[in-house]
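Colleague: Please examine the aromatic ring pairs closely and then place them in the context of the wider fold. I would value a single connected account.

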Amino acid sequence: IQEVLHVAGVEMQLTAAVSFLTVLQEESVSIHTYSHSFLHIILQNVEHRDAGVSNAWLETLLAVIEALPKETIRHEILNPLVSKAQLSQTLQSRLVSCKIMGKLANKFEAHIIKRDILPLVKSLCQDVEYEVRTCICRQLEHIAQGIGTELTKTVVLPELVELARDEGSSVRLAAFETLVNLLDMFDADDRSQTVLPLVKSFCEKSFKADESILVSLSFHLGKLCNGLYGIFTPEQHLRFFEFYKKLSTLGLQQENGHSDNQLQLQNLEQEKKHILVRKNCAYNFPAMIVFVDPKNFHLELYSIFFCLCHDPEVPVRYTMALSFYEVAKLLNSGVYTIHKELVTLLQDESLEVLDALAGHLPEILELMTNVGENSGSENKLLAIPDLITALTTAEQRAATSLKWRTHEKLLQKYACLPHIISSDQIYYRFLHRMLTIILTNNVLPVQKAAARTLCVYLRYNRKQEQRHEVIQKLIEQLGQGKSYWNRLRFLDTCEFIMELFSKSFFCKYFFLPVLELTHDPVANVRMKLCYLLPKVKSTLKIPADKHLLQQLELCIRKLLCQEKDKDVLTIVKRTVLELDRMEISVDAFQKRFYENDLLDQEKERQEHLLLEMEQLEKEKQQNEGRSTNINNKIFEKKRRDSKTSSVLAKSITLSIPGSSSATSAGKEDKKSKLVRSQSFSTQALHPKYSTLDKCPNKSSATGYTSSGVGKNCMLSFTDDSFRTHSSGNSGNVAFPSSSSSRNLFNSTDQKSNGNKESQSRKMSM
């Protein structure tokens, strides 16, 4: 290798660098052998004239330093570093020395770093080349962590302050970023007297003369504001917040300039920079909520949040979608105020934004619906329909695109919906859509994601009728489908059923449909079934499922005897051996299956609980319906009592005087019958009561004959008062029942022997 590398080209050099690193990572040789045989080759090529080759060998060297013992590092790397960092060495050599120093700072004690490395660091900070000053400036962070707080304050901070005023913009930028990253190592005095003035000057220059620092400043602004929060005066606090507001809309309100080509090119570069600044503002938005206080979000930050979520550039909206969950967590009970922006991002035209939002979608939705309701249930109720529409639209857009991974991710995240919205909403808006995806989509991962999510929906569905309907569709359209692809998906779905449901549920609905596929005409289906049979057998409990075990053994025997495909037969024989080794759980708990049995028992308990809840809801609805009917009956009774009293009064005045045989017992009988007739006042008049074909054949207590009663019936029905009452109710008149009617008409035909008796009869009615 040494002979070849001496004259090798770039590609071989790069390959050798990667190979040497692989030998180290895989520990192909001992570290002693590696340092003896490989290290000097790496050190020779680190300063290669080609920058790409040099960087590749340098990456290998930095990785090797982590594994080498201290003595080897001291003799082979640190001692030669003193000469290579001198100003007389090449630029490439000095740049390599800077990066090596940053790595060595974590390998030695503070006093060794102070004695051997810090003098070299000071020398490189004063280097004539700005590339060297920039490089060593970025290594000061690692050196500070190695030497501790005290030396950082006395040695590193003064160097950083000087580099922050450097004439090179890249040096100033590196100094600014290192200052921000080292904020935690500075005390309050250093922050207020040294760091804060530097930061203020950076902010002032960024808009006026030095726009190169603007992108970096916008990226670190959140960390900077929270790091200096304790030393800000109210005026400074407001100034930094206003600065952030200005950055968040940078480039959106500018007017178009001239159409000169050079100006357009400059404007294009400037526009890219402005987009990057707004993207960084979106990245820092959660930090600014902490800086301003979540209580002031609606007043101070909502307008910025709205602008960033509706930004015309995709990278900005993408970053907002990534940080949306952090924002929702910080707002806590006030999260309902940003549900419109969630709907906006779900309906975004870019699928990248949707993909970013989907990462924490379950947590966001849970915060929206559960935490938001504490602040106002009305807001929650208003948010839900918008969310459902946005979720369905997002899924359909992902389905019609070529980005199937986004679609798969979205379907997996939609499994959280049973904890967010009602069972009926899921059934009508999402569940059937999942079944359609399984049947029609061509991408296997998407189909599997839809199948699992459908099983989750089925698991938490609260209506037995709907569950049975879905199970029937799964068996008929997948398990018994014409396409072998659908039957394969049925077996995938059964795996998810076994994972999510209890053993008894699977045995009740899916055990036999699965076994039917042993007769499938396609070998791939039978093969997949054979792989699944051990899981199927594990769902059985003896002795309750003894008949299912017999069915399983019968199917396996048929496969062994009748299978003609050699690949399937090989798998069947392997499966038989595995099934023979399996132990079936019994109804009672066993030690070896204790955890699984507990888990299965919990699933079964939850399934029974769903059935009980459904029964309770039905009883509650019936009780509510019954109470409504009772209230309606009471209302109708009161309304008709007033009409009945006037009708009866008229009919009594038309009664024919009869014998004086009406006793006080007869009066009581009439009163009780009238009350009974009123209790049936809500019933509609049966057709047989509208004719005179049937009249009572028996006489009443007063001893009238049936013919007399018939005449009295004729008299009562032809009376004007009854005719008026009937027409007023449009033919749906409520009359007393047949027995009550007969007694009532008989009672009105009884004769009285005096005014006193007639008056008492009227009063009793």
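Modeller: Phe20 and Trp57 offer a suitable starting point, since both residues are buried. The model is predicted, and the geometry described here is computed from it. Across the whole structure, a search returns 22 aromatic pairs. In the pair formed by Phe20 and Trp57, the ring centres are 5.4 Å apart and the planes stand at 85°, so the arrangement is edge-to-face. Phe20 belongs to helix 2 (residues 10-25) and Trp57 to helix 5 (residues 51-67), so this contact ties together parts that are 37 residues apart in sequence.

A second pair joins Phe285 and Phe297: with centres 6.2 Å apart and planes at 90°, this pair is therefore edge-to-face. Helix 16 (residues 285-292) contains Phe285 and helix 17 (residues 297-309) contains Phe297, so the parts tied together here are 12 residues apart in sequence. Phe285 and Phe297 are both buried. Beyond the neighbours within four places in sequence, Phe285 is in contact with Tyr244, Phe297, Leu301, Ile304, Phe305, Leu308 and Val327.

Phe285 also leads to the nonpolar interior. The largest nonpolar core holds 204 residues, and Phe285 is among those that touch the most other members, together with Ile100, Leu104, Tyr414, Leu417 and Phe510. Helix 25 (residues 444-459) supplies the largest share of this core, with nine residues. Phe510 reappears in a cluster linked by ring pairs, whose members are Phe490, Phe501, Phe505, Phe506, Tyr509, Phe510 and Phe511.

Rings also take part in contacts with charged groups. The charged end of Arg489 is placed over the ring of Trp485, 4.5 Å from the ring centre. Arg459 lies over the face of Tyr460, and here the distance to the ring centre is 5.4 Å.

These features belong to a protein chain with 38 helices and two strands. Of its 765 residues, 45% are buried. Among contacts with a separation of 6 or more, 72% join residues 24 or more positions apart. The accessible surface of the chain comes to about 40200 Å², and carbon and sulfur atoms account for 52% of that area. At the level of a single element, helix 19 (residues 339-346) is mostly covered, with six of its eight residues buried. Those buried residues are His339, Glu341, Leu342, Val343, Leu345 and Leu346.

The loops adjoining these helices show some backbone features of note. In the loop between helix 18 (314-331) and helix 19 lies Asn332, whose phi is positive at about 55° although the residue is not a glycine. Asn332 is partly exposed, its relative accessible area being 44%. Glu27, in the loop between helix 2 and helix 3 (31-37), likewise has a positive phi, near 55°, in a residue other than glycine. With a relative accessibility of 65%, Glu27 counts as exposed. Elsewhere, the peptide bond from Ile542 to Pro543 is cis, with omega near 5°. Pro543 is placed in the loop between strand 1 (541-542) and helix 31 (546-562).

Definitions and conventions. Residues are numbered from 1 along each chain as its sequence is written. This is a predicted model: local features need pLDDT of at least 70, side-chain atom pairs count only at pLDDT 80 or more; totals for chains, interfaces and linings use all residues. Side-chain values use heavy atoms; hydrogens and water are left out. A nonpolar core is a set of buried Ala, Val, Leu, Ile, Met, Phe, Trp, Tyr and Cys residues joined through side-chain atoms within 4.5 Å. Buried means under 20% relative accessible area, exposed over 50%, partly exposed in between (1.4 Å probe, protein chains only). Helices (H or I, at least four residues) and strands (E, at least two) are DSSP runs, numbered from the N terminus. Contact means heavy atoms within 4.5 Å. Accessible areas come from the Shrake-Rupley method with a 1.4 Å probe; for residues, only the protein chains shown count as cover. Rings of Phe, Tyr and Trp (its six-membered ring) pair if their centres lie within 6.5 Å; planes under 30 degrees apart count as stacked, over 60 as edge-to-face and the rest as tilted. A charge sits over a ring if NZ of Lys or CZ of Arg is within 6 Å of the ring centre and within 35 degrees of the ring normal.
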